[in-house]
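This report describes one molecular structure in terms of its chains, domains, cores and contacts. The sequence and coordinates are shown first.

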Amino acid sequence: MAEKQNEASTAQAEVLPLVLGKRQSRFKRTLKECKRHSLLLVMAGFVLVWYFIFLYGPMYGLLMAFKDFSFRKGVFGSSWKTDRHGNLDLFANFTRMFKDHAFLRAFRNTFIISGLKLLVGFPVPIIFALLLNEIRNRRYKKLVQTVSYLPYFISWIVLSGIMRQILNLESGLYGYLVRYLGFPEINFLTYRPTFRGLLTVSSIWRNFGWSSIIYLAALGGIDGQLYEAAEIDGAGRWKKAIHITLPGLAPVIVIQLILQVGTIVGDDFNQIFNLYSVPVYEVADVIGTYTYRQSFQDSTDFSYSTAVGLMQNTLSFVLIIITNWITSKFSEYGIW
Amino acid sequence: MSTLIKKRKGRSYLRKSTGENIFDVLNYIFMFIVLIACTYPFWNVIMQSLTQPRDANKPSLYLWVTDPSLASYRRMLRDADFLRSFLVTFARIAAAWSIGIVMTTFLAYALSRRTLPFRKTITGIVVFTMFFNGGMIPTYILMSDLKLLNNFWVLVLPGLVSTYNMIIMRNYFMSLPVELEESAYIDGANDFTIMSRIYVPLSKPILATVSLWIIVAHWNSWFDNLIYTPMRRDLTGLQLYLNQVLVAGTINIGANPWEYDPMNPNLPVEATLKATIIVISTVPILVFYPFLQKYFVKGIIIGSLKG
């Protein structure tokens, strides 16, 4: 066998150009690797089938965005979108979207709420990590850290339940503050002026401990010799924080910031859906909750909801690609 | 560390500046506030769940309950809907974990082998799904086309593999020495044996991490339950049940009237019952929390190394 193969390849090498010969040997190598790793390929293939069915499978449904979907006819059987006069108008759903007051409101709210969370919430885990790092008592430090990411493991449904219990004016903790300490009698869950604040604060409360892990890990990775050298030079705590700790954290901070900007079109559906109600739609309805209501509550216009979802997905895809590209630039060239 | 060592009269002693002392004290106090802020809401609900029915509608700080009542616990632990929702959640966790962990390991191991043919193509296909998906409605239509709506397996099949979990597991496999594979291969072992006999036993920490991610994800999931199984009340999982009781208000727990009834002083009141189901459904997380957090932290650090 081996001899025959050798003969064949030398014969080809004489006749065919060098490039083709190389390509063929690569093909042969791949074939050999496939044989050797056939089991691996079967294992990966088995999981890939799942990926194709459940993650690529839904993508044919995106056609609905351009069609008049009806359940009876299915995705492929439904007719393409037309305007009033029966002319083909594939983007009718998209033009409708940008004329729809409720959609525009959801679009605006998504950016405002994500922006608020980013603006207020981003520095919190960094400050927390820096301060926690200054605690010398190891057991206390460990205790605070462990407790700080407890809320992260609790679902938004339960957290919403807890918030409702606490903010209840009849029986809750806030009711106590209202009755005996003269706090304003406000039901925060339906109070428009502070609702976005409530979303921001509760989201920070749930996530800050978890987000701080990566900063604490980075702090642990800073070379202790730098601190010793600075001490010998007479640097105090403050100077060390400014000149050693912060520069040491900077790459992580930059990467985290860029990654979070990439998710700004996404909304925290679980949080908002479990906290909002009709009186605060004006300030809290976001694309996710709007799409949900358009398809399962207020109407069943699947074509339109698909179009909204497609728009949001595409936008966030583009943003994530851009921010990932920037991040990789940073991690390549960022030396500090 | 930052203490200044000064020598005075031949004696050396540690000394901190007044500013640093004040900072330290404030910092300890601040961390104490953080501690309270993260635990008090849970404490508050636990105390509320233990209140006597007659006190339930009086606002309180719930720092402590002097005469605890277990009436609402007795009531909820006999509630068929509540208990069944636990069973549904346990069932989906068991199914999703046992199948999901095998699939995640298969793909992660295969992609961790640098000699795997088409490695880049497969990685590309898999990673793309992290950035782009069909969205809520197209996925719903697919489930409908696959005749999975109102079926238990719709809670399990769509979420079997998380690409993020797969990648942190792959990174872990890649960090193990490749010589293990080479020598076993020379001894005649095939890829499956090498994976299951050599790499998997060495990867217990990451398997624990990924298992816990899967379990917590399924413990907390509810939206699939809401939209995919609307006709099957018996498939209502714990979180959807909580959503219906606490948020949507579509399930009423307990007998009417909600208000305290002096004729029936042991009948629990709505606020107490709600606090009780919050506590019961959070207990499993709190019990496993010390264990959870250890592996989760490991996971996030491993994941961020190459992710």
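Chain A contains 17 helices and 2 strands. The model is predicted. The radius of gyration of chain A is 29 Å, whereas a compact globule of 336 residues would have one near 20 Å. The C-alpha trace of chain A spans about 95 × 80 × 35 Å along its principal axes. Of the 336 residues of chain A, 32% count as buried. Of the contacts in chain A that link residues at least 6 apart in sequence, 65% join residues at least 24 apart.

Both chains have a domain assignment, summarised below.

| Chain | Domain 1 | Domain 2 | Distance between centres (C-alpha atoms) |
|---|---|---|---|
| Chain A | residues 2–66 | residues 93–333 | 44 Å |
| Chain B | residues 18–71 | residues 80–252 | 37 Å |

Within chain A, the two domains meet through few residues by count: 4 residues of domain 1 are in contact with 6 residues of domain 2. The domain 1 side of this contact has 3 nonpolar residues, 1 polar residue and no charged residues.

The contact between the chains involves 75 residues of chain A and 75 residues of chain B. On the chain A side, helix 3 (residues 38–56) gives the most, with 12 residues. By class, the side of chain A that touches chain B is made up of 44 nonpolar, 23 polar and 8 charged residues.

Which residues touch the most other members of the largest nonpolar core? They are Ala44(A), Leu107(B), Ala110(B), Met169(B) and Leu242(B), in a core of 107 residues. Helix 3 of chain B (residues 80–112) supplies the largest share of this core, 9 residues. Apart from this core lies another one, of 12 residues, including Ala129(A), Val144(A), Ile214(A) and Tyr215(A). In soluble globular proteins, nonpolar side chains tend to be buried together.

Ala44(A) shows how the chains join at the level of one residue. Leaving out residues up to four places away in sequence, Ala44(A) touches Phe106(B), Leu107(B), Ala110(B), Leu111(B) and Ile122(B). Two of these partners, Leu107(B) and Ala110(B), are themselves among the residues that touch the most other core members.

Helix 5 of chain B (residues 136–145) is largely enclosed by the rest of the structure, because 8 of its 10 residues are buried. The buried residues run through Met136(B), Ile137(B), Pro138(B), Thr139(B), Tyr140(B), Ile141(B), Leu142(B) and Met143(B). Lys147(B) follows helix 5 of chain B and has a positive phi, near 60 degrees.

A contrasting site in chain B is Gln52(B), which lies in the loop between helix 1 (18–49) and helix 2 (71–76). Is Gln52(B) buried or exposed? Gln52(B) is partly exposed, because 18 other C-beta atoms lie within 10 Å, while a residue counts as buried only from 20 or more. Apart from neighbours within four places in sequence, Gln52(B) is in contact with Asp67(B) and Ser69(B). Gln52(B) and Met130(B) are 78 residues apart in sequence, and their C-alpha atoms are 49 Å apart in space.

Key: Residues numbered from 1 in each chain as written. Chains lettered and ligands numbered in written order. Predicted model: local features only at pLDDT ≥ 70, side-chain atom pairs only at ≥ 80, totals over all residues. Domains from an automatic or database assignment. Core = buried A, V, L, I, M, F, W, Y, C linked by C-beta atoms within 7 Å. Helix = DSSP H or I, 4+ residues; strand = E, 2+ residues; numbered from the N terminus. Contact = placed C-beta atoms within 7 Å. Nonpolar A, V, L, I, M, F, W, Y, C, P; charged D, E, K, R; others polar. Rg over C-alpha atoms; globule rule 2.2 N^0.38 Å.
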